[in-house]
Amino acid sequence: MAVDPNLKSELQKQGIFVMPVEFLYNWSRKSSLWPIQFGLACCAIEMIAAAAARHDMARFGAEVFRASPRQADLMIVSGTVTKKMAPQVVRLYNQMPEPKYVIAMGACAISGGPFKDGYNVLKGVDRYIPVDIHIPGCPPRPEALLHALMTLQEKISKQHLNEVSWYDKNAPSEFPVPQYGAHDLEPPANPKVWEPPKK
Amino acid sequence: MDAIYQLIHDYCPTMPDWLALALAILLPIAIVMGVFLTVFALLTWVERKALGRIQNRRGPNRVGPVGLFQPIADGLKLLTKEDIVPNAADKVVHFLAPVLVVVPAFMVLAVVPVAKGFIAVDLNIGVLFALAVSTASVLALFMAGWASHNKFSLLGAMRGVAQVVSYEVPMVLAAVVVLMASGSLSSVSIVEAQRGLTGWFVCKPWGLVGFVIFQLCAMAEVARTPFDLPEAESEIVAGYHTEYSGFKFALFQMGEYVAAITMGGITVTMFLGGYLGPGCDLPKFGWLISACWFFAKLGIIVVINIWARGTWPRVRVDQLLGFAWKLLLPLSLVNIVAMAVWHFAPNKLVGWVESAVLLAVAIVALVKINAGQTFEKRSYRFTS
Amino acid sequence: MSATGIIQTQTLEVSLGPQHPSTHGVFRMDVVLDGEYVVKLKPVMGYLHRNHEQLAEKMTWLGSMPYTDRLDYFCSMTNNWAYALAVEKMTGLKVPERAEYIRVIMAELTRLLNHSCAIGFLLSDCGAWFTPVLYALREREWILDFFETVSGARMMCNYMRFGGVRVDLDDASLAMARNIVARWPAFLDEFEKLMTENEVLLARTQRVGILSRNLAINASVSGPVARASGVEYDIRKVDKYGVYDRFDFGVPVGEAGDTFDRYMIRILEMREAVKILEQALRDIPAGPFIAPEAKLRNFKVPAGDGYGRIEAPKGELGFYLVSEGGAKPYRYHVRPPSFINLTILEDMCLGQKVADTVIILGSVDIVLGEVDR
Amino acid sequence: MIPPLEQVREMLSAGAAKSSLLVEREEAVAVAQFLKTDPQLQLDFCSCVTAVDYIKQDCIEVVYHLYSVALKHGPVALKVRAPRALEQCRMPSLTPVWRGCEYQEREAFDLYGVKFDGHPDLRRILMWDEFVDHPMRKDYVPPMDYEWEPTPHAETLARAKQTGGTVPASALEAKK
């Protein structure tokens, strides 16, 4: 796939720029990350603050908050995911078209955070869906969200077309939505995405 | 078309006739499509930048110089996104709807004279064609909403149909005055009829009222704020295109923006003198200068659109329809009468005054008649 | 409209939320629509039920203070105050005067912040494409800067303590607060100039979502929503908690009880809050900022129960606490204003259009952290 | 048994801490009506409704905090008790008297299992409908769904050991 660097520089002297398809693909994806307009809790306010005048997420082309998951690329899980909300979060994630990314914003989304002891709090959104970037903080500052966005862009620019999961026929395209059970969500975690740490 | 055919013939006499003819037909289409697609891409960038300025932000500035490549990135990304068709959707209609949005939007371009002597097809029923074809998008709206099998989509589609059908009426009636003044349906002769220092139709009382009505209706027709009810984000999520992802969604966006541009182009042609402007008749660069004039005027319309979007709340569906039927429709009818008065007046000044007075009276009367909906002044007491 | 009887129509059940652009978080309304008209509306909540009350029962008295921040995450300061006030009522702790003034300053700044954002979001629900919100958030940042210099955190301030506040205000931060207060009227004027006279806004909000005075009282509605309906009830005036009796300010009361009144009451309350702030910043005395007898560690509350409440920006925020005399509360209950204000949501929305429900919800001004706790 | 007017007034003047009124379940509605309509009391604003689980006394107490908007006094705490056992844990709803109780009584039902007779719409409000427990009761055992807990919360560790969560040795070490 790769172009010989000597040939590339030779061509460049002639005014021909060789650019791998992969670069263009990654560049377009990372330059236009449209988040889904979806706030869960306190962190959602900081997410809005990140889109507001002082921090302005629009600079990265990421201000197009789409209300419909079908048109979004990025899910910012901004706040506590409760057990009552978890099926909806998974469903929203399933409804987003590939390629899609998840930022777990704040301590609650990562692990349950301060509310970890609660009976209705999911201990981390990564029990059900794969997370690309975790941002610690309660709530993380808008700067932290911008940093996460840039980290995600970096991550995207390092992806290779022949390795990404969404062209893999065997990779799961939909994640099972947990059911409301009599005492807890069933199942309490998706074993394909997450498994408890070993003893 | 003939001019281009002649040009090809002159420069390349060896070319067979059929090829020259085909080129003469296809070349303007390609140019118009290319130009307007570029304008569309630029417009999304301009809109995001301008909204940013309205909201004290900077807008996109990381992708390319001052964010200029943002539309390219967006387009490429949407092109490579997964295309989701819901299981319960009507697959054929679901696929056809976005196509049907884009096609009429581009078809209208055929009759917009972009520069002096440059028009894709100079139809003798140009304006009629534009008005008729642009309405076809309502079918696409309804198809999208119905086929998606989503309640929000359906609500959006119903709103869209009601809105487009209602606003079509005052829009056509507002266009009638222009046809009366120019005596032609051809867009080129409409432009040519506006020559002179105050020749633009917008400089006349009936033209001004017609322009305002037409512009409002055009905004409603292409569902721009404050009339963006079919896709009202805060109420029905994304309206008729809730279930569209990837490039189909991009097509919807493109259709909407191109329709906004073409409706702006029609407005410019009919009321703002089209490509006319100082220097448009120069022998050598006249076409370039006239194109600049055209796009400058189009820019004004576009800025009005963006400005409205960034600052105005959205109206409610009953208010939207009431506005069309109770205010715009009677006003556009009166406007036709005013045009007739202006036409048959003994001299220009009398006609000017008569039609202006008639319209002013009509506007005041209509506002008074609809006074049931006027607003209260409220006072508040303070207890301590 | 099916009322004509000629056309047979079918109602449409739509679930607005929990992910919806204008439900202010994870709130859901099960709406039955007849065309565009709402014929039935049932709010569904609990999507952000974070077990605040149970967690607090496992924690020391002071341990719950940071959790109160996360109740109504716009107004952490007033939440802190309500909790501190309830505990102080039960223990009989006296709060030094300077601390009372600092609390008033913080609470009124919180009111400015909350109301401006609430109005911004209301207009955003009307479809004004974020512009008003971003104007409000622009000003909010200045207040957050102030909170950050004082308490170390932007949003989750955790600033109040039983018997006072955590750290004193120095002269520099007082000057910062004066600066904010000085520029606020200009911002309000700009905001009102852009919005209050806007015909579309008037048409959308006037005579929409009317709440009668009697229903408001019967349904325990409090705060700006109740006052817009003509209920002359402001806990700052009735309970005279803190040092509110020393300030000269009015309580705006509306007549019509519609969405526009709720909008205007918030604007007017902000203007009154600026008055309070000016007086408080002028008169703030020197002295200790926390009661010397207040213990931070090993804090115990005598057995019994108590209810303390304040006028939070969204309404009456109360804490009902039961103590067994130990280091932890036996029962800890929050009376969240926005939860109880939702009781009348269906009554206000019936017969309105679906587009109105979102602005009525916006004008009630809910925060889901508080509704679900 | 309608409480004598003087008693309620005395309570009102004594201040917030001491003004509670424990009534029998059967009389709750009558007392509530009296408190609301009596011209000298006019407690028309039911501010706060909540339940408390007194596990030692084997009862669940529902507390209503009443204020008066008209006369601007209060609060009076109206307390009603019911036994803890789920079948007997019922009491009359005061929603017909004060609309404001509606959601708060639903919440008490959801979290404590108190059934309110006469409530117009008694469903779970915070937890999902399929949920069977009443999680705010003192004897509720939450599902064990976190396997590793690095924080040295004694209770958490003990519960993890009891209910079969995995506790790594390092956490136990850190606890010692």
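Me: What makes a residue pair across the interface of chain B and chain C count as a polar contact, and how many are there?
Reply: You need two N or O atoms within 3.5 Å, one able to donate a hydrogen and the other to accept it; residues adjacent in sequence count only if both atoms are side-chain atoms. The rule finds 17 such residue pairs here, both residues at pLDDT 80 or more. This is a predicted model, where local features need pLDDT of at least 70, side-chain atom pairs need 80 or more, and totals for chains, interfaces and linings use all residues. Side-chain values use heavy atoms, leaving out hydrogens and water.

Me: Why is the meeting of B:Arg159 and C:Glu36 called a salt bridge?
Reply: The term needs a side-chain nitrogen of Lys or Arg within 4 Å of a carboxyl oxygen of Asp or Glu. Here the N to O distance is 2.6 Å, so the pair qualifies. Across this interface the rule finds seven salt bridges.

Me: How do you know that β1(B) pairs with β6 of chain C?
Reply: Strands (DSSP runs of E, at least two residues, numbered from the N terminus) pair if DSSP finds at least two bridges between them. Three bridges join these two, so they pair, and they run antiparallel. B:Arg381, for one, has C:Val253 as its bridge partner in β6(C).

Me: What makes 38 residues of chain B count as being in contact with chain C?
Reply: Contact means heavy atoms within 4.5 Å, and those 38 residues meet 57 residues of chain C that way.

Definitions and conventions. Residues are numbered from 1 along each chain as its sequence is written. Chains are lettered from A and ligands numbered from 1 in the order in which they are written. Helices (H or I, at least four residues) and strands (E, at least two) are DSSP runs, numbered from the N terminus.
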